[in-house]
Amino acid sequence: MSEQVNMVELYYEERGQGLPVVLLHGFPFSHAIWQAQQAALSDAARIITPDLRGHGKSPAPEGDYTMDLLASDVLALLDRLNVSRAVWVGHSMGGYILMAALRQAPDRIAGVGLVATHPLADAEEKRFQRRESADLAMENGSGDTAFSMMSQIFAPDVDGTSPLAQSMYDIMVNTAPAGIAGAQRGMALRPDSSNTLRELSVPAVIVAGVDDKIIGLDKARAMAALIPGVQLVEVENAGHMPMVEQPDATTGALRGLIRMVQANER
Ligand code: MLT
C-alpha cells in the first residue's frame with residue numbers, strides 16, 4: 001500500500017473534559033451513532049468520536065482497510081489531540097479495530113468497551129461474501145449494502161420506517177463505495193483476537209443486544225468467558241445497534257466503565 005494511502009486525517013468530534021474516551025463506530029456507520037452517549041457522558045469524560053477511514057466525513061481512499069491500518073488512523077488522531085492514553089470503545093468493526101490497537105499499542109489503552117462485537121476471524125465463506133460485496137459496492141454504489149444491513153441491524157420491535165431506522169439507512173447509504181469495499185476487504189483479512197482478549201489487564205465491559213442477528217448473544221457470552229473480570233451487559237429489546245436502540249442502557253454500561261477506569265488510573 002502506498003504511503004499516500006496510509007496518510008488519512010480522520011474527521012472527529014469531541015465534547016467534555018478529563019479522561020479521554022474514544023468511541024469507534026462499526027461498519028458502515030459514522031460517529032453519529034454515538035450521539036446520545038456523547039451528549040450524556042460528556043459530563044464525566046472527554047468523549048472523542050471519529051469517523052473511521054472511508055466512513056462519514058473522513059477521506060475514503062481505495063485500498064484494503066486492514067484493522068491494523070484503521071487502528072493506526074485512530075492512534076494518529078489521538079497523537080494529533082495529544083492523548084497518550086484513552087478508554088477505547090468499539091462497536092462491531094470498531095471492536096475489531098480496538099483488538100488490533102490492543103496488539104499495536106497496549107499502553108495507550110486504559111479501558112475497553114466491546115459493543116456488539118466478537119474476537120473471531122471470518123470463515124472462508126464469509127471472506128468470499130465480503131469480497132463479493134466489496135466488488136458490488138465499487139460497481140453499483142453503497143445502496144445494496146445499506147439495504148441488506150437494514151434487515152439485520154435492529155431488534156424485531158423496531159419500526160423499519162421510523163425516523164431512527166431512516167437515519168441509520170441514511171448514514172449507510174452515504175458511506176463512500178471505496179469505504180465499504182476497503183472495510184469489507186480489511187475485515188476479511190483480520191486474525192482471531194481471542195488471545196489478545198485473554199491477556200487484557202484493564203477494566204472491560206461488553207454490551208450485547210439480546211436480539212443481535214449479526215453477532216449473536218452466544219458470541220458475546222463466549223467473548224466474556226475469555227476476559228478476566230469483564231462485566232457483560234445484555235441489553236433487552238436491542239439488536240446490533242444498542243447505542244441507538246437502547247441508548248440509556250448503553251450509556252449506563254459505558255458510564256460504569258469510565259468510573260472503573262477513573263478509579264484504576266488514580
Ligand atoms: C459492523 O457492524 O461493524 C459489521 O456488521 C461487522 C461485520 O460485518 O463483521
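The exercises below work through the ligand site, the pockets, the cavity and two backbone features of this structure.

The model is predicted, and local features are reported only at pLDDT of at least 70, side-chain atom pairs only at pLDDT 80 or more, while totals for chains, interfaces and linings use all residues. Residues are numbered from 1 along each chain as its sequence is written, and side-chain values use heavy atoms, with hydrogens and water left out.

**Exercise 1. Describe the shell around the ligand and its polar contacts.**

Step 1. Taking as near any residue with a heavy atom within 4 Å of the molecule, one finds the ligand surrounded by Gly-26, Phe-27, Ser-92, Met-93, Tyr-96, Arg-130, Met-187, Ile-214 and His-240.

Step 2. Sorted by class (Ala, Val, Leu, Ile, Met, Phe, Trp, Tyr, Cys and Pro as nonpolar; Asp, Glu, Lys and Arg as charged; the others, Gly among them, as polar), this shell divides into five nonpolar, three polar and one charged residue.

Step 3. A polar contact is a pair of N or O atoms within 3.5 Å. A polar backbone atom of Phe-27 is 2.7 Å from an oxygen atom of the ligand, a polar side-chain atom of Ser-92 lies 2.9 Å from a ligand oxygen, and an N or O atom in the side chain of Arg-130 is 2.7 Å from an oxygen atom of the ligand.

Step 4. Taken alone the ligand exposes 270 Å², of which the protein buries 94%, the areas coming from the Shrake-Rupley method with a 1.4 Å probe.

**Exercise 2. Locate the ligand among the pockets and characterise the linings.**

Step 1. On a 1 Å grid over the protein atoms alone, a pocket is an open set of points with protein on both sides within 12 Å along at least five of seven lines, a cavity is a set where a 1.4 Å probe fits but cannot get out, and lining residues have an atom within 4 Å of a point.

Step 2. The ligand occupies the largest pocket, the criterion being that more than half of its atoms lie within 2 Å of the grid points.

Step 3. This largest pocket holds about 590 Å³ of space, a volume being the space filled by probe spheres set on points joined across faces, edges and corners.

Step 4. Of the 28 residues that line the largest pocket, Lys-126, Arg-130, Met-149, Gln-184 and Ile-214 lie nearest its centre. Two or more lining residues come from each of α4 (93-104), α5 (124-140), α6 (143-150) and α8 (177-188), where helices (H or I, at least four residues) and strands (E, at least two) are DSSP runs numbered from the N terminus.

Step 5. The largest share, six residues, is contributed by α5, and the lining as a whole comprises twelve nonpolar, ten polar and six charged residues.

Step 6. The second largest pocket has a volume of about 170 Å³, and its lining has five nonpolar, two polar and three charged residues.

**Exercise 3. Characterise the enclosed space.**

Step 1. The count comes to one cavity of 30 Å³ or more, and the largest cavity has a volume of about 60 Å³.

Step 2. Its lining includes Met-67, Tyr-96, His-118 and Arg-190, and α4 gives the most to this lining, with four residues.

**Exercise 4. Identify the unusual backbone geometry.**

Step 1. Most residues other than glycine have a negative phi, and most peptide bonds are trans.

Step 2. The peptide bond from Phe-27 to Pro-28 is cis, with omega near -5°, and Pro-28 is placed in the loop between β2 (20-24) and α2 (35-41).

Step 3. Ala-116, although not a glycine, has a positive phi of about 50°, and this residue is found in the loop between β5 (109-115) and α5.

Notes: Polar contact = N/O pair within 3.5 Å; in protein donor to acceptor, adjacent residues only side chain to side chain.
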